[in-house]
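Biologist: Could you walk me through one helix pair in close-up, and then show me how it sits among its surroundings? I'm new to this, so please explain the terms as you go.

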Amino acid sequence: MNEISILKSFFPKFKVIIVIGILLLGISIYAQEPAFNISKDLLLVQLDCKTDIDDLHTAAGLATLLHYPDYKDLNYFAIAGTYGIQEGLYVPPNELMKLAFGKNWADAHNKRDKSINLVVEKVKKTIKSSGSVWVAEAGQSDFTADWVKKLVEENPSLNVKEKIHVVQHSDWNESVTEPTKLKYAQSITDYHKIADGNTVGNGTPGLKSEGKVHWESKLNDNHLTQIWNTAIRLGNLYNGKDGRYLNESVAKNGLDFSDLSEVCYILNLMSIKDADEFFTYFKVD
């Protein structure tokens, strides 16, 4: 009987221990969420543009997000041509990049070394001002590995894991990153792998549509309309052409800005379900 009495008195305490454990686990998981500080952090959006045309739509999606009042002061920089070892032809984005971002982007396809140096200087300036750097890896990690390596060479005492956060959503992107560069990026930076942005309902915004998205009625802004029309026109021009990847969703008049899922993760916009909800969220009246 004493044993039973002891067990009965223990169970309430055991329940309390379980509850406390669950709460602590929740706090731990929450602590792992990104904490982008818009007042001092830098967002790098790195677009491979090879050979899928999805990065054209992603650039337009980023421009749409940047138009939103909450992000008018966002410190960002876009880089095109950050591809890895995949084969196939490049998708020229320069017309769109200039229209969407003005001078706030770099062409790593034609000027890789210059782009690396430019990114390193921006990163150093951010860190010097007590900020951190967040990389939306809309492609492979080769470019990241190259600029981080140069940064470390110039600043060997830098705590890279504390200051450089890399976000990747695609298994395929990892598979066509040069293996030693992928390993380097994963080991030296604070590397986040999130669910694929091509899929709806996996916890990440699914920004690849299965049919037409009626974005025109939600963006009452001439410049954004021009950006999206340019992205769609260039996408249709290069989609599946000359051996490039055929994006079937885009071929069926859909949109694919799935690589923007990483930006959504960084900015804590994970509640957005799909492409249609994206345009509702960032609606311009």
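Modeller: Let's zoom in on helix 4 and helix 5, which make a right-handed crossing (the near helix is turned clockwise from the far one by less than a right angle; anticlockwise would be left-handed). Helices here are DSSP runs of H or I with at least four residues, strands are E runs of at least two, and both are numbered from the N terminus. Keep in mind that this is a predicted model, where local features need pLDDT of at least 70, side-chain atom pairs need 80 or more, and totals for chains, interfaces and linings use all residues. Residues are numbered from 1 along each chain, and side-chain values use heavy atoms, without hydrogens or water.

Back to our pair: helix 4 covers residues 112-128, and its axis passes 9 Å from that of helix 5 at an angle of about 55° (axes are lines fitted to C-alpha atoms over the stretch in contact, with angles from 0 to 180 degrees between N-to-C directions). The two helices are therefore oblique to each other (under 35 degrees is roughly parallel, over 145 roughly antiparallel, 65 to 115 roughly perpendicular, the rest oblique).

Who touches whom? On the helix 4 side you'll find R112, S115, I116, N117, V119, V120, E121, V123 and K124, and they meet D142, F143, D146, W147, K150, L151 and E154 of helix 5 (contact means heavy atoms within 4.5 Å). Sorted by type, the residues of this contact come out as 7 nonpolar, 2 polar and 7 charged (Ala, Val, Leu, Ile, Met, Phe, Trp, Tyr, Cys and Pro are nonpolar, Asp, Glu, Lys and Arg charged, the others polar).

Now helix 5 on its own. Helix 5 has 13 residues, 142-154, so at 1.5 Å a residue it should span 18 Å, and its end C-alpha atoms, 19 Å apart, agree with that (the count is one less than the number of residues). Its buried residues are D142, F143, T144, A145, W147, V148 and L151 (buried is under 20% relative accessible area, exposed over 50%, partly exposed in between). F143, W147 and L151 also turn up among the residues that meet helix 4.

For contrast, look at helix 2. Helix 2 packs with helix 9 (residues 222-238) at about 170°, their axes 8 Å apart, which makes the two roughly antiparallel. L56, H57, A60, G61, A63, T64 and H67 of helix 2 join L224, I227, W228, A231, I232, L234 and G235 of helix 9 in that contact, and here the split is 9 nonpolar, 5 polar and no charged.

Helix 2 also packs with helix 3 (residues 94-101), at about 5° with axes 10 Å apart, so helix 2 and helix 3 are roughly parallel. L56, A59, L62, A63 and L66 of helix 2 meet L96, M97, A100 and F101 of helix 3, giving 9 nonpolar residues, no polar and no charged.

Zooming out, the chain holds 12 helices and 6 strands, and 50% of its 285 residues are buried. Of the contacts with a separation of 6 or more, 80% link residues 24 or more positions apart.

One oddity to finish: the peptide bond from K50 to T51 is cis, with omega near -10°, and T51 sits in the loop between strand 1 (42-47) and helix 2 (54-67).

Definitions and conventions
Buried means under 20% relative accessible area, exposed over 50%, partly exposed in between (1.4 Å probe, protein chains only).
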